[in-house]
Amino acid sequence: MTTRRAGERSIEGVHASPGLHWVGDGFRVAGYFSAIPGAMRRLSPFLLLDYHPPYVYSPSDRPRGVGVHPHRGFETVTLAWEGSVAHHDSTGAGGVIGPGDAQWMTAASGILHKEYHEREWARGGGRFHMAQLWVNLPRAHKMGPPRYQGLTAAEMGRVELADGAVRVRVIAGEHAGVRGPALTFSDVTLLDARVRAGGELTLAVPASHNLCLLLMSGEAVIGGERASEGDLLVTRNDGDQLVVRATEDAHALVMGGAPIDEPIAAMGPFVMSTERELREAVADYEAGRFGHLDLRRATPRDGRRGRRRARRPRASASPSAPR
Ligand code: MN
């Protein structure tokens, strides 16, 4: 422990990586929130964090990934640091994101989509480093129209301090007067922060906002607690700033936002407000009311996996799969 400044948030929990699992055959991820009791309420508006630490994929003519699956009631946000990921959905939207880019996909009333390594990148293989975050939608927007935002590295807000000792990319929300490009349905702050050893980053955050931080690499003292690579820190709502003091070059994903104070009913890829709405989601999905996604875009093997995954989702207390 070190002393904290006045107004500096303290740390409620430090969570090491819960271990890696595969989503499809293309995403080797740690599902951090699954190890935190009540995470969907405690960390609202965030529902799930699948972190894909750097991992080298061998070259493959068949892009690895996850086949056709539905989502309703929330947003999936995919961030890329290394590698390249492609997406196609039933609204006809799609895109490829690479290093520094983000994909902000609003499922809202429902989409089918598939996520996989971009074909040309997959042929060469290489290091892949990504994260996917699920962001809840306020109930009033859960059945709104789907939306796709492909956000490029060049569009991100940038804040650089002390000759580059602190470099923050603002994806959503605001830091130091700089706004990120993402359009959101509630107050969300998403920052990609690098702090050199000896550097210090101070973030202003309303005390009412939930905020957690994933230290992707390096070491730092945060809210008076020592953190090392792979730790997720949940902050207490006891101050209006977060201070990151890097003791080794640190790279962190900062997730903050105003809690959405509404009931949550979650099952697999559906996150609604009531059990009845969940049953409707399953019924609509089974009746084909989530639209259509042309499997011919995929290779035959993608298609087989897609059909298998397109069956009724497993009931589950946490929306861990399919992603
Ligand atoms: Mn998905």
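These exercises cover salt bridges and strand pairing in a predicted model.

**Exercise 1.** Which residue forms a salt bridge with Glu-12, and which parts of the chain does the pair tie together?

*Solution.*
1. The structure holds 14 salt bridges.
2. In one of these, Glu-12 meets Arg-42, with the closest N and O atoms 3.0 Å apart.
3. Glu-12 lies in strand β1 (residues 11-15) and Arg-42 in helix α1 (residues 39-42).
4. The pair therefore ties together parts that are 30 residues apart in sequence.
5. Glu-12 has a relative accessible area of 41%, so this residue is partly exposed.

**Exercise 2.** Examine the salt bridge between Asp-61 and Arg-123. Where does each residue sit in the chain?

*Solution.*
1. Start with the distance. The closest N and O atoms are 3.9 Å apart. The cut-off for a salt bridge is 4 Å, so the pair counts.
2. Asp-61 sits in the loop between β4 (46-57) and β5 (65-71).
3. Arg-123 belongs to helix α2 (residues 119-124).
4. The two residues are 62 apart, and their bridge links distant parts of the chain.
5. Now classify exposure. Exposed means over 50% relative accessible area. Asp-61 has 60%, so this residue is exposed.
6. Arg-123 has 38%, so this residue is partly exposed.

**Exercise 3.** What separates Glu-280 and Arg-276 along their helix?

*Solution.*
1. The side chains of Glu-280 and Arg-276 form a salt bridge, at 3.2 Å from N to O.
2. Both residues lie in helix α3 (residues 275-286).
3. They are 4 residues apart, so about one helical turn separates them.
4. Glu-280 is partly exposed at 36% relative accessible area, while Arg-276 is exposed at 57%.
5. Elsewhere, salt bridges with shared partners join Arg-5, Glu-8, Glu-200 and Arg-245 into one network.

**Exercise 4.** Is strand β17 mostly covered or mostly uncovered? Which sense does its pairing with β14 take, and which with β24?

*Solution.*
1. Strand β17 spans residues 188-195. Of its 8 residues, 7 are buried, and the strand is mostly covered.
2. Take the pairing with strand β14 (residues 166-172). The sense is antiparallel, over 6 bridges.
3. One bridge can be named here: Val-166 has Val-195 of β17 as its partner.
4. Turn to strand β24 (residues 250-257). Its pairing with β17 is also antiparallel, over 8 bridges.
5. For this pairing, place Arg-194 opposite His-251 in β24.

Methods: Residues numbered from 1 in each chain as written. Predicted model: local features only at pLDDT ≥ 70, side-chain atom pairs only at ≥ 80, totals over all residues. Heavy atoms only, no water. Buried < 20%, exposed > 50% of the residue type's maximum accessible area, 1.4 Å probe, protein only. Pairing = 2+ DSSP bridges.
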